[in-house]
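Biologist: I should like to learn how the features of a model are read, one at a time. Shall we work through some cases together?

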Amino acid sequence: MSAAATAALTALTGGSADGVWSAPGRVNLIGEHTDYNDGFVLPFGIEQRTWCALAHRDDRVVRVYSTFSGESREVSLDGIEDATFDGWSAYVFGVVWALTERGVDLSAVKGVDLAIASNVPSGAGLSSSAAIECSVATALNEEWDLGLDSGTLAKVCQRAENVAVGAPTGILDQTASLRALEGHAVFLDCESLESEVIALPLADAGLTVLVMNTHVEHAHATGGYGERRAACERGAQAMGVKTLRGLTSQDLPKAQELLDDVTFRRVKHVVTENERVLETVRLLRSEGARAIGELLLASHASMRDDFEISVPELDLAVETAMAHGAIGARMTGGGFGGSAIAVIPVERVEEASEAVLAAFAEAGYTTPTVFTERPSQGPRRDI
């Protein structure tokens, strides 16, 4: 796909790329809707990536073209603080805007032409949006010699998504993409923003991650995601804590007394999910990947029953994978569609894949896309 990005840039400018950068999508192994509650998450970078090809300009215009939309957009660096963005280009221009909002001086930089190509499935819960933001941020950080570290770039990209795009997401996706390391997961404390990479030796245990993309599309900028976040904020306020990070399972009986049933169940999911992330990290360190299956299943049940962000297609994918050899499975991503994952012995992948396809056909659902993933590298310069 780097070739697709460079070819698109050549078609746009008539010249060659001065550089190509890429960043991965992510799978969240466990820790859903905990990030904006200052909790814990455990994602890893995936093999699918977004590429950003860049060419210098002599003026102050940033122009971007994407192979998935087939159109170009542009904005001037002069006055970008007051610009408004819409559609796919908001993920790109939002990064530039967020740099200026953070106080980065762009008064002396030159404009750029950018071409974006990606093989991260859109709407699949694999963070195609963060892959765009992080590839662009990585490219501009080097091109404009900004010297920003990965933690700062993650905040810039999150701000772009929250404000320019209008999606109330936490910092999980951007951190996962920017700090990913091959063969590892990223254990992130979303309160302190401290992170460490945790060995995820799936291959050594004869395991792999099976991704089951239901093709039920979700949109974080609308609907249930924002409602869930608001419920978490209400619950925290009622319990007298800054965020739900301040609660443990011992606080749940009191929460059940104070809160209405729906808000309580939202709070319960976040509190117990944080504990599941910590236990997953402990087990990976002490017993290995084969020990985490029950935690993945418990996470899915919590998202299905307490946070209510699963859909029948995701539930069917999880149930079918478990019936055909998976040691654990759960939906991944923001919910309301997207993908489920299963940790499964390599020798059962073909069987489980065929079973998922057959189950979806029998249920009359859209044919899913089923593929394996391995923990992969974070941002890099490809050319």
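Modeller: Let us begin with contacts in this predicted model. Apart from its neighbours within four places in sequence, R285 is in contact with E196 and I198.

Biologist: How far apart along the chain are R285 and I198, and what separates their C-alpha atoms?

Modeller: R285 and I198 are 87 residues apart along the chain, and 7.8 Å separates their C-alpha atoms. R285 belongs to helix α8, which covers residues 261-286.

Biologist: Is R285 buried or exposed?

Modeller: The general idea is a cut-off: a residue is called exposed when its relative accessible area is over 50% and buried when that value is under 20%. R285 has a relative accessible area of 51% and is therefore exposed.

Biologist: Let us take a residue on the other side of that scale. Where does R60 lie, and which residues does R60 contact beyond four places in sequence?

Modeller: R60 sits in the loop between β2 (40-56) and β3 (61-66). Because its relative accessibility is 18%, R60 counts as buried. Its contacts beyond four places in sequence include V75, S76, L77 and D78, and also L106, S107, A108, V109 and G111.

Biologist: Which polar partner does the side chain of R60 have in D78, and which in S107?

Modeller: With D78 the partner is the side chain, in a polar contact of 3.0 Å. With S107 the partner is the backbone oxygen, which is 3.4 Å from a polar atom of the R60 side chain.

Biologist: L106 was one of the contacts of R60. Which residues does T100 touch, leaving out those up to four places away in sequence?

Modeller: L106 appears here as well, for T100 touches I80, E81 and L106. T100 is part of helix α2, residues 90-101. With 15% relative accessibility, T100 is counted as buried. A side chain may also reach the backbone of its own helix region, and that of T100 reaches the backbone oxygen of W97 at 2.6 Å.

Biologist: Let us turn to strand β2, where E47 is found. Which residue forms a polar contact with E47 through side chains?

Modeller: That residue is R374, and the contact between the two side chains is 3.4 Å. Setting aside residues up to four places away in sequence, E47 touches T372, E373, R374 and S376. The relative accessible area of E47 is 36%, so E47 is partly exposed.

Biologist: Which residues line the second largest pocket?

Modeller: Its lining consists of E182, G183, L200, P201, L202, A203, L207, T208, E373, R374 and P375. E373 and R374 thus appear both in this lining and among the residues that E47 touches. By class, the lining divides into 6 nonpolar, 2 polar and 3 charged residues. The space in this pocket is about 150 Å³.

Biologist: How many cavities of 30 Å³ or more does a search of the whole structure find?

Modeller: The search finds 1 cavity. A cavity differs from a pocket in that a 1.4 Å probe fits inside but cannot get out. About 100 Å³ of space lies in the largest cavity. Its lining has 13 residues, with R26, E32, D35, D173 and Y225 nearest its centre. That lining has 3 nonpolar, 6 polar and 4 charged residues.

Biologist: How should a backbone angle be read, and what is the phi of L193?

Modeller: One looks at the sign of phi together with the residue type. L193 is not a glycine, yet its phi is positive, near 65°. L193 lies in the loop between β6 (184-189) and β7 (195-199), and at 24% relative accessibility it counts as partly exposed. E308, likewise not a glycine, has a positive phi of about 50°. E308 is placed in the loop between α9 (293-305) and α10 (312-323), and with 34% relative accessibility E308 is partly exposed.

Biologist: Finally, which residues does UniProt list for "domain: Galactokinase N-terminal"?

Modeller: The unreviewed UniProt entry lists residues 15-55. Over that span the chain is 0% helix and 68% strand, with end C-alpha atoms 8 Å apart. The record also places "domain: GHMP kinase N-terminal" at residues 91-178, where the chain is 57% helix and 8% strand. For "domain: GHMP kinase C-terminal", the unreviewed UniProt entry gives residues 283-360. That span is 53% helix and 15% strand, and its end C-alpha atoms lie 33 Å apart.

Definitions and conventions: Residues numbered from 1 in each chain as written. Predicted model: local features only at pLDDT ≥ 70, side-chain atom pairs only at ≥ 80, totals over all residues. Heavy atoms only, no water. 1 Å grid on protein atoms, 1.4 Å probe; cavity = no way out; pocket = protein on both sides within 12 Å on 5 of 7 lines; lining within 4 Å. Points joined across faces, edges and corners; volume = space filled by probe spheres on them. Nonpolar A, V, L, I, M, F, W, Y, C, P; charged D, E, K, R; others polar. Helix = DSSP H or I, 4+ residues; strand = E, 2+ residues; numbered from the N terminus. Buried < 20%, exposed > 50% of the residue type's maximum accessible area, 1.4 Å probe, protein only. Polar contact = N/O pair within 3.5 Å; in protein donor to acceptor, adjacent residues only side chain to side chain. Contact = heavy atoms within 4.5 Å. UniProt positions renumbered as here; feature names shortened; annotations may be inferred.
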